[in-house]
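Work through the exercises below with the coordinates open. Each task is followed by its solution in steps.

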Amino acid sequence: MWRLKLAHLFGGYGYYVGLATLGSIMLCLMMAIGSDSALDLFVALFCGLTAPGIVVFMFQNFMPDVRGKVYSAESPDWRELEPYEYDELLAQQVKSSPALKYFLYAQIPILIISAIIAAGNGPLVFVIIEGIALAVCLSHTVITALTAGKWENVDGSARIAEIPIEETYNVTIRYKHSTETKPYYVYYLKEGRFVADADQLYSGLTVKIVRWAGSVIYLRRSTDK
């Protein structure tokens, strides 16, 4: 079930986490300017990349009230899929991976950071950041492709559970010339706190999760209903 957390790891606040991470990276690397040690640069980069995300993730998933709801959550009631649910599952189209787009966007901060520390170990930092960005994007692309192919072969051993939504909230992102507000939906299982968006919601305030061959996926309601 932990895979379902990856879609909204920061509960919809990924945009702000990204901005905070960029600032954190630049701050940490500026503190490491002048160091001749590759280890110092790696530690600075690692701290800059992970600090904002870890703070947000811990706050959203390990506060006392959240842990209490996780502890008291009921286990899903898994059952066989109805014929119409099989049809909906097979009709789902796995979205193409936006990893290449994100990789290209990442070149902007990479070049900025490299320019800032060009007097020191700029080329080394560029290689480290570029390698991490490329590895993350390639991993996302491969996982998406493998998942899409696997679910095309789903059989009668698949099981489905309907999970009620317990909380809702909106995340507003303010861009330079526009504002976007998206709703998010929270449900709790023994495995933790999970967040879904409007596309992953099946109907009303319910998500349907399909489990098969060690994988899980949201069942999206057919648009022709």
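The model is a predicted one.

**Exercise 1.** Find the residue that stands opposite glutamate 167, then describe the strand pairing and the sheet around it.

Solution.
1. Valine 186 in strand 4 is the residue facing glutamate 167.
2. Strand 3 pairs with strand 4 (residues 179–189) through eight bridges, in the antiparallel sense.
3. The sheet is open and has three strands in the order 3-4-5, paired antiparallel.
4. Strand 3 (167–174) and strand 5 (192–197) each have a single partner strand and stand at the edges, so one side of each lacks a neighbour in the sheet.
5. On average, neighbouring strands of this sheet are turned by 35° against each other, direction ignored.

**Exercise 2.** Which strands does helix 3 touch, and what angle does its direction make with that of strand 4?

Solution.
1. Helix 3 (residues 64–72) packs on the sheet and touches strand 3, strand 4 and strand 5.
2. The direction of helix 3 makes about 50° with that of strand 4.

**Exercise 3.** Describe the surroundings of strand 6 (residues 206–212).

Solution.
1. Start with burial, taken as under 20% relative accessible area: five of the seven residues of strand 6 are buried.
2. Strand 2 (residues 159–164) pairs antiparallel with strand 6 over six bridges, and glutamate 162 stands opposite lysine 208.
3. Strand 7 (residues 215–219) also runs antiparallel to strand 6, joined by five bridges; here isoleucine 209 stands opposite tyrosine 218.
4. Strands 6 and 7 form a hairpin with two residues between them. In the turn, alanine 213 has a positive phi of about 50°.

Conventions
Residues numbered from 1 in each chain as written. Predicted model: local features only at pLDDT ≥ 70, side-chain atom pairs only at ≥ 80, totals over all residues. Heavy atoms only, no water. Buried < 20%, exposed > 50% of the residue type's maximum accessible area, 1.4 Å probe, protein only. Helix = DSSP H or I, 4+ residues; strand = E, 2+ residues; numbered from the N terminus. Pairing = 2+ DSSP bridges. Axes fitted to C-alpha atoms, helices over the stretch in contact; angles between N-to-C directions. Contact = heavy atoms within 4.5 Å.
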